Amino acid sequence: MRIGELARRTGTTPKALRLYEARGLLVPDAHSDAGYRLYGAPALARLNEIGVLKRAGFTLAEIGKVLQREGSVATLIETRIV
C-alpha cells in the first residue's frame, strides 16, 4: 500500500509517516517504479509499536532507542514513572 492508504489505515498522517521515516523509525518495504513508498504488514506492526510507545509518553528519540533495542527498556520506562 502507498503512504496515503497506510496513513488512513493507521489514523496518522502522511507527514507523520515521512517524519518517522526520516528519524529511522519506519522503513518502506519497497518503492514502486514511479518512486512511491510501498508498505506492508511489517510497517503496520511497526506503527502499532510506535503508537503504543507514544501513548505511553515516550519521545520519538526514546522510541527509536526502544525499537533498535538500545539500552534497557526498563530504564526508559523508569524515567517515565519517576
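Student: How far apart in helix H1 are Arg9 and Glu5, in helical turns?

Tutor: This is a predicted model, so take the geometry as computed. Arg9 and Glu5 both sit in helix H1, and they are four residues apart there. That spacing means the pair is separated by about one helical turn.

Student: How close do the N and O atoms of Arg9 and Glu5 come in their salt bridge?

Tutor: A salt bridge here needs a side-chain nitrogen of Lys or Arg within 4 Å of a carboxyl oxygen of Asp or Glu. Arg9 and Glu5 form such a bridge, and their closest N and O atoms are 3.1 Å apart.

Student: Is Arg9 buried or exposed?

Tutor: The cut-off for exposed is over 50% relative accessible area. Glu5, its salt-bridge partner, counts as partly exposed at 31%. Arg9 has a relative accessible area of 54%, so Arg9 is exposed.

Student: Staying with H1, how are H1 and H2 oriented to each other?

Tutor: Helix H1 covers residues 3-10 and helix H2 residues 14-22, and their axes are 9 Å apart. The packing angle is about 105 degrees, and angles of 65 to 115 degrees fall in one class. H1 and H2 are therefore roughly perpendicular.

Student: And how many residues of the H1 contact with H2 are nonpolar?

Tutor: H1 brings Ile3, Gly4, Leu6 and Ala7 to the contact, while H2 brings Pro14, Leu17 and Arg18. Sorted by class, one residue is polar and one is charged. The nonpolar ones number five.

Student: Which parts of the chain does the salt bridge of Glu21 with Arg37 tie together?

Tutor: The closest N and O atoms of Glu21 and Arg37 are 2.5 Å apart. Both residues are partly exposed, Glu21 with a relative accessible area of 24% and Arg37 with 28%. The two are 16 residues apart in sequence, so the bridge ties together helix H2 and strand E2.

Student: What does Arg2 contact, leaving aside its neighbours within four places in sequence?

Tutor: Arg2 is in the segment before H1, and it is partly exposed at 44% relative accessible area. Its C-alpha atom is 4.8 Å from that of Leu38, although the two residues are 36 apart along the chain. Beyond its sequence neighbours, Arg2 is in contact with Tyr36, Arg37, Leu38 and Tyr39.

Student: Moving on to H3, how far apart in sequence are Arg46 and Glu49?

Tutor: Arg46 and Glu49 form a salt bridge, with the closest N and O atoms 3.3 Å apart. Arg46 counts as partly exposed at 25% relative accessibility, and Glu49 does too at 32%. Both lie in helix H3, about one turn of the helix from each other, and that is three residues.

Student: How many salt bridges does the structure hold in total?

Tutor: We have met Arg9 with Glu5, Glu21 with Arg37, and Arg46 with Glu49. The total for the structure is three.

Student: Is H3 parallel or oblique to H4?

Tutor: The axes of H3 (residues 41-55) and H4 (residues 60-67) come within 10 Å and cross at roughly 130 degrees. Angles over 145 degrees would count as roughly antiparallel, and 65 to 115 as roughly perpendicular. The crossing fits neither class, which makes H3 oblique to H4.

Student: Is that crossing of H3 and H4 left-handed or right-handed, and how many charged residues are in the contact?

Tutor: The crossing is right-handed. H3 contributes Arg46, Glu49, Ile50, Leu53 and Lys54, and H4 contributes Leu60, Ile63, Val66 and Leu67. Six of the contact residues are nonpolar and none is polar, so by class the charged ones number three.

Student: How many of the eight residues of H4 are buried?

Tutor: Buried means under 20% relative accessible area. In H4, the residues that meet this are Leu60, Glu62, Ile63, Gly64, Val66 and Leu67. H4 is mostly covered, and its buried count is six.

Student: Last one: what pattern does the chain follow along the sequence?

Tutor: The secondary structure comes to five helices and two strands. Of the 82 residues, 29% count as buried. Read along the sequence, the pattern is α-α-β-β-α-α-α.

Conventions. Residues numbered from 1 in each chain as written. Predicted model: local features only at pLDDT ≥ 70, side-chain atom pairs only at ≥ 80, totals over all residues. Heavy atoms only, no water. Axes fitted to C-alpha atoms, helices over the stretch in contact; angles between N-to-C directions. Parallel < 35°, antiparallel > 145°, perpendicular 65-115°, else oblique. Left-handed = near helix turned anticlockwise from the far one by under 90°. Contact = heavy atoms within 4.5 Å. Buried < 20%, exposed > 50% of the residue type's maximum accessible area, 1.4 Å probe, protein only.
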